[in-house]
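Visitor: Please take one part of this model and go through it closely. I would like the nonpolar interior, and then what lies around it.

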Amino acid sequence: MGGDNENPMWPFRHRSKYVPRMPGLFPSPPDSRDIPLGAVVSTFGTSELPSEYIVPRFRDLPVDYQKQQPSCVANSCTKIKEHQEVLESNTYTDFSAQFQYALSKKLDGNKYWGTSLRQGLKVLEKYGACPIQTFGDNPSLSMEDYNDWQKIMPEAYYAAEPYRIGGYARINAAILENVKQAIFSAGSVLMGVFVSSGGWQT
């Protein structure tokens with residue numbers, strides 16, 4: 001429902017009726033260039049899942065507080081990258097969600113608040129993730145200032161580049177077994193869950 005350059009209004013169930021809300025996440029439209037996870041992880045769909053599985057080291061990461069910013073995609077992307085760094089280098093690096101969100105808005109060119117999961121991953125692929133010591137994260141700013149990518153200094157781009165990801169793959173998250181397999185085979189999975197005062201929907 002809606003794409004990266006359309007009005008991302010979603011119907012949320014509130015009490016007994018649907019009402020329009022403006023979320024910080026809107027859908028990524030289908031893209032034939034997306035790579036299915038099974039094409040890059042040979043064990044996807046074939047691994048025998050244990051009865052219980054705890055994602056290694058994920059509980060070590062602090063939870064971000066985005067306040068009123070529509071930056072849920074950016075916060076999630078930085079958290080996935082922080083987890084990757086902990087697993088691969090045994091080092092925790094606090095990354096800037098503001099850097100991530102501002103560049104997502106640069107890439108999607110959308111006038112509405114929020115962005116899509118694909119744009120967040122594209123930022124990680126194209127620019128990387130910037131340590132918060134180089135480019136801060138101030139969710140108390142106005143929404144206009146928070147997503148102003150023109151305020152990002154050159155040194156922030158340089159600091160982010162070593163943390164670029166090599167790529168990303170897609171799964172059909174509507175099938176729970178796919179989500180379990182992806183977490184077990186590949187690690188973190190970026191997903192969106194819409195929450196309203198009347199409940200939540202995936």
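**The core and its surroundings**

Guide: Cys130 has a relative accessible area of 0% and is therefore buried, the cut-off being under 20%. The model is a predicted one, and the values that follow are computed from it.

Cys130 belongs to the largest nonpolar core, which has 11 residues. The other members are Phe99, Ala102, Leu103, Val123, Tyr127, Phe135, Ile152, Ala156, Ala159 and Ala160. Two elements, α2 and α5 (154-160), each give two or more residues to this core. Another core, of 10 residues, lies apart from it and includes Val73, Cys77, Leu124 and Leu190. In soluble globular proteins, nonpolar side chains tend to be buried together.

Within the 11-residue core, Ala160 can be followed contact by contact. Neighbours within four places in sequence aside, Ala160 touches Phe99, Tyr127, Gly128, Ala129 and Cys130. Of these, Phe99, Tyr127 and Cys130 are core members.

Helix α2 (residues 97-108) also holds Gln98. Gln98 counts as buried because its relative accessibility is 8%, and the limit for that class is under 20%. Residues up to four places away in sequence are not counted in its contacts, which are Phe135, Gly136, Asp137, Asn138, Leu141, Asp145 and Tyr146. One of these, Phe135, is in the largest nonpolar core.

The cysteines form zero disulfides. For Cys72, the nearest cysteine sulfur is that of Cys77, 9.7 Å away, whereas a disulfide would need the pair within 2.5 Å. Cys72 counts as partly exposed because its relative accessibility is 25%.

Next come the pockets. The largest contains about 1300 Å³ of space, and 36 residues line it. Leu121, Ala169, Val189, Leu190 and Met191 are the lining residues nearest its centre; Leu190 is also listed in the core of 10 residues. Elements giving two or more residues to the lining of this largest pocket are α1 (72-89), α3 (117-126) and α6 (176-186). Its lining comprises 24 nonpolar, nine polar and three charged residues.

The second largest pocket has about 430 Å³ of space and a lining of 18 residues. Phe58, Asn75, Ser76, Lys79 and Ile80 lie nearest the centre of this second pocket. With five residues, α1 gives the most to that lining. By class, the second largest pocket is lined by 11 nonpolar, five polar and two charged residues.

Definitions and conventions. Residues are numbered from 1 along each chain as its sequence is written. This is a predicted model: local features need pLDDT of at least 70, side-chain atom pairs count only at pLDDT 80 or more; totals for chains, interfaces and linings use all residues. Side-chain values use heavy atoms; hydrogens and water are left out. Helices (H or I, at least four residues) and strands (E, at least two) are DSSP runs, numbered from the N terminus. Buried means under 20% relative accessible area, exposed over 50%, partly exposed in between (1.4 Å probe, protein chains only). Contact means heavy atoms within 4.5 Å. On a 1 Å grid over the protein atoms alone, a cavity is a set of points where a 1.4 Å probe fits but cannot get out, and a pocket is an open set with protein on both sides within 12 Å along at least five of seven lines; lining residues have an atom within 4 Å of a point. Grid points are joined across faces, edges and corners, and a volume is the space filled by probe spheres set on the points. Ala, Val, Leu, Ile, Met, Phe, Trp, Tyr, Cys and Pro count as nonpolar, Asp, Glu, Lys and Arg as charged, and the others, Gly among them, as polar. A nonpolar core is a set of buried Ala, Val, Leu, Ile, Met, Phe, Trp, Tyr and Cys residues joined through side-chain atoms within 4.5 Å.
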